[in-house]
Amino acid sequence: MSEELQSDVLNDVKNAEAPVAEETPVAAEAEAEVKLPDYVEHEPRPEMTKWQWTWNEIKKNKTAYFMVAPFLLLFIVFTVIPVFLSILLSFTDFNMLQMPHWKGVSNYARLFLDDEIFLLACKNTLIFACITGPVSYILSLLIAWFINELPPKLRAVVTLVFYAPSISGQVYLVWKTLFSSDSYGWVNATLINLGLTSEAILWFEDAQYVMGLCIVVALWTSLGTAFLSFIAGFQTIDRSMYEAAAVDGIKNRWQELWYITLPTMRPQLMFGAVLSITNSFGFGAVVTNLCGFPSVDYAAHTIMHHLDDYGGQRYEIGYASAIAVILFIIMFASNILIKKALSKVGE
Amino acid sequence: MAKMRTRNHRVVLNRSAGGDAGITFMLSIFGVFMFFPMYYVVVQSLKPLDELFMFPPRLYVVNPTFANFGDLFVLMSDSWVPFSRYIFNTVFITICGTLGNLVFASMAAYSLAKLRFPGRNAIFQIIVMSLMFHSTVNQVTHFIILSAFSWIDTYLSIIVPSMATTMGLYLMKQFMETSVPDTVLESARLDGASEFRTFLIIAMPMVKPAWLTLMIECFKTLWNSGSSIYVHSEELKTFHYAINQIVTGGIARSGAGAAATVVMMSVPIIVFVLNQSQIIETMGSSGMKD
């Protein structure tokens, strides 16, 4: 039954398209050119109030709303409401037990004036994000670009090698074995063998190494969805554009990348940027699993950890919400900045 | 004038031998950096005990053995609750969450991509915005909402929120826009198919790569979900959590930890390998228009 309908439909399409195209090719083309507006608003008829008109629209499109509704409902409950609840609670002293009291901006004042660990966490988060975000983004792009030059079979294998760490869950814990703090760790053993150090270095217990190591591991796991998106983006670019460009005087592959590839891929670049920013602020779990919580001397303590500390362990929900709101603001601000910067690519 | 040479009967433009060598060199360096830790886990998991405690540690195995995997099973058998329970939990959560996400997200994606109604742009904008922040930011308020439903310490606390993951919806909506022609849908409607039927019988089969990608995105997250803060009973915890106890326990070096890691990572890798071309196809339309 279903197949019947499908083949029916396909036939209809063929039948419908062919004669129209022959009769009025110009008109058909023109029609295809016209981009349909998102929604054509009909003027509300004078005898209807605005509410009646809205209700009519809803009734007219009820299938569409019906199909969005289940997802939207869950999305509102588990994403939209939590965001607004955070904002609201950040002005209170809620602790899960008593009714919340309004406290104005005192949570924020405490964060910036009284909480030295928070300021340290801010600094660490910014260092962490400013390195992992751009580096992982550029690395994803460059590697995807390199991979695109390979023959298809090899390309699939190389893609897997680079992508595997990001899907394999907590496989990054192997870094803890490699950088193990005794001489059985591969790195320590190699350093001792080469005579570079006489005793094992306590990698994850030493404040001067913790941050750097976490950044390396975070980068190692960061070639994820954005990376795949770039690979796909490179593959969809029409080769004839490069041929035309060569005729027009593009001299090397770097010019090709800057003047043709990147501008064509701008939508993918945008998508990848959003994901990279999101991830670069979300590496809290990686750090916790590598260095424990709290990390030594708070050397790798990020805002995410601070949030977890007050929200998940001390139950100072009001204060934790203020931390969450700050984190939201930072994430959105960086997204907006990056979008502005990306719109200049290839100009 | 640009250099031109042919390879495989295709014109290759603007490619110099030096550039090719440079790219191969860079790719190999990054490749070693990415691959070495993965390789090391696999080697560790195959080492017999005497090789594991050798100084300096070797980067290869002389007498490979599966004894570590055997040890893993022994460790599993004296866990707190029967180990099969952890496996069941992971499978159950992954299947329910993934199917739920597939059904809800693809219906919503179809509606947002192919139907026109007031508010659809606003809805999509909000969903795109949600991609911009990491979901753990909401962890605290999530807890409040889940406890209001009294879902804390139930399967529901993990399954239901995962059904509303936006990444899959986003990818599917973008893919539908580019690969399902409106004319096909229009003629299905003319043939008298209801909107829902059109979606199910015409649109869905055409976006198979997208729903595979959505399922894998969702699977990846759920399979790798360790200890959720919303669940504290031991019998509701996941395979990943149990394995993690083995890996991070003091016996990490003993090989069973490495064996456990190999087991955990092989599943998503196999799933990806089987579906790589479909996923890449879906990602082709993942771009974000500004």
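A residue is exposed if 12 or fewer other C-beta atoms lie within 10 Å of its own, and buried if 20 or more do. In this predicted model, B:N63 has 9 C-beta neighbours inside 10 Å, so B:N63 counts as exposed. B:N63 sits in a loop of chain B, between α2 (49–52) and α3 (67–77). Its C-alpha atom is separated by 8.2 Å from that of B:L46. Along the chain, B:N63 and B:L46 are 17 residues apart.

The view now widens to chain B as a whole. Its secondary structure comprises 13 helices and two strands. The radius of gyration of chain B is 24 Å, whereas the globule rule gives 19 Å for 290 residues. The computed value is well over the rule, so chain B is more spread out than a compact globule. Along the principal axes, the C-alpha atoms of chain B fill a box of roughly 70 × 70 × 35 Å. Of the 290 residues in chain B, 42% are buried. Contacts within chain B were also sorted by separation along the sequence. Among those with a separation of 6 or more, 75% join residues 24 or more positions apart.

Chain B also meets chain A. The contacts involve 93 residues of chain B and 98 residues of chain A. On the chain B side, helix α1 (residues 17–46) gives the largest share, with 13 residues. B:L46, paired above with B:N63, falls at the end of this helix. By class, the side of chain B that touches chain A holds 60 nonpolar residues, 24 polar residues and nine charged residues.

Definitions and conventions. Residues numbered from 1 in each chain as written. Chains lettered and ligands numbered in written order. Predicted model: local features only at pLDDT ≥ 70, side-chain atom pairs only at ≥ 80, totals over all residues. Contact = placed C-beta atoms within 7 Å. Helix = DSSP H or I, 4+ residues; strand = E, 2+ residues; numbered from the N terminus. Nonpolar A, V, L, I, M, F, W, Y, C, P; charged D, E, K, R; others polar. Rg over C-alpha atoms; globule rule 2.2 N^0.38 Å.
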